[in-house]
Amino acid sequence: MAHVKLHIPGPVEVSKKTFEAFCQPMVGHRGQGFKDLYAKVQPQLQTLLATKQLVYLSTSSAWGVMEGALRNLTAKKVLSCMKGAFSDKWLDVAKRCGKDAEALQVPWGSPIRAEDVDKKLATGQFNSLTLIHNETSTGTMSPVAEIAALKKKYPDVMFIVDAVSSMTAVPLGFDALGVDVLLAGTQKAFALPPGLTVFTCSPAALAKAATVKDRGYYFDFVEFEKNAKESMTPSTPSIPHIYALSSKLDEFFAEGLEKRYARHAQTNQMTRDWAAKHGFTLFPEKGFESVTLTCVNNGAKSGGRTVDVAKLQKLVKDQGFLIDGGYGKIKGTTFRLSNMGDETPETMGRLYAALDSAMGRL
Ligand SMILES: *Cc1c(COP(=O)(O)O)cnc(C)c1O
């Protein structure tokens, strides 16, 4: 069957080159071959995240580390900053871990604002907070630097930040932000196959984790740190993913990080222009739109155009592209187009051509 190219916001299209890197011969995870591989990617990841901390490799999807962060850093109560499907679910996950969790809920499409976080933290009730930088379900980015600046005022609160669909597409300097955990699954902006999560922790987070009970083993941050010092992981990792990550990091630095960020900004602007050209409005509050995906409004209520999203998806799929028809409660009243990963103005141009053709036949 012909491959349908992924333009959904994750997993995203994986290049042939990345799959070739994935398929290198296996090595033992306690041997020098693996240590050399980890020692090679470690400084690249540290440069990418502008950090002196060690960067860890977890064989899990992002949720593994998102849950792990709660178990490592929340003795009692977490503030869940909620603005869409993924951030809303993080509250539920905290409760399933036996933590007391309180919602800071804003309407889907709105960002989390630092002043609201400040008010909640001022109550002194919270050990930690969870924040999603780029809420993929709504295509909305929160002002992470402004929120992270509150860490100075509340040094004992652990700031856990999910950058799953933004890491590598926008600058995220971990040490300068001063947050405690920064994590990303690699099937989104990294354009690797699903199954690997990259994350890092502050010295304060590591000190805190050592005091928190019931961290478990698989996602114990203390174990990750201990092993990373020896260029190893606590358990047998998906070594093929790390080969592929190595190849991908080489690509990032060959392109140049600044150029990579500019490319995402450019291709995202092209998508917004495509939507405007067809009379659509965007779902996120103005000024907080994601640069890695575009969440387009559909329907009269949005003040823009109405189309049959399922039919649009089908007509685009027949031309070889998969787009997303909206997530959760905004399915059908929105649709999402991803420009994450390896996409260029040229490859995005092919998607717009397919979309244009589909629009003409709706
Ligand atoms: C996709 C996504 C997740 C969940 O990732 P999994 O790989 O399914 O665990 C979490 N947060 C954000 C922002 C995402 O986009």
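Start by selecting valine 296: across from this residue, in strand 13, stands phenylalanine 335. Keep in mind as you go that this is a predicted model.

**Stop 1: strand 11 and its partner**

Widen your selection to residues 293–297, which make up strand 11. Which way do the residues of this strand point? Leu293, Cys295 and Asn297 point one way, while Thr294 and Val296 point the other way. Whichever way they point, all of them are buried. That makes strand 11 mostly covered, with five of its five residues buried.

Now add residues 334–338, which form strand 13. How many bridges join strand 11 to strand 13? There are five bridges, and the two strands run antiparallel.

**Stop 2: arginine 260**

Next, select residues 257–277 to light up helix 11, and find arginine 260 within this helix. Is arginine 260 buried or exposed? Arginine 260 counts as buried because its relative accessibility is 2%, and the cut-off for buried is under 20%.

Show what surrounds this residue. Setting aside neighbours within four places in sequence, arginine 260 is in contact with Thr168, Ala189, Phe252, Glu255 and Gly341. Then try a distance: the C-alpha atoms of arginine 260 and asparagine 339 are separated by 12 Å, although the two residues are 79 residues apart along the chain.

**Stop 3: serine 60**

Move on to the loop between strand 2 (55–58) and helix 3 (62–73), where you will find serine 60. Serine 60 sits in a loop, yet it counts as buried, because its relative accessibility is 12%. What does serine 60 touch? Not counting residues up to four places away in sequence, serine 60 touches Val65, Gly195, Leu196, Thr197 and Phe219.

**Stop 4: the cysteines**

For the last stop, select cysteine 81 and cysteine 97. Why does cysteine 81 have no bond to cysteine 97? The sulfur of cysteine 97 is the closest cysteine sulfur to that of cysteine 81, but the two are 17 Å apart, which is too far for a bond. A disulfide needs the two sulfur atoms to be within 2.5 Å. Cysteine 97 is in no disulfide either: its nearest cysteine sulfur belongs to cysteine 201, 16 Å away. By this rule, the disulfide count comes to zero.

Before you leave, look at how covered these two residues are. Cysteine 81 is buried, with a relative accessible area of 1%, whereas cysteine 97 counts as partly exposed, at 22% relative accessibility.

Methods: Residues are numbered from 1 along each chain as its sequence is written. This is a predicted model: local features need pLDDT of at least 70, side-chain atom pairs count only at pLDDT 80 or more; totals for chains, interfaces and linings use all residues. Side-chain values use heavy atoms; hydrogens and water are left out. Buried means under 20% relative accessible area, exposed over 50%, partly exposed in between (1.4 Å probe, protein chains only). Helices (H or I, at least four residues) and strands (E, at least two) are DSSP runs, numbered from the N terminus. Two strands pair if DSSP finds at least two bridges between them. Contact means heavy atoms within 4.5 Å.
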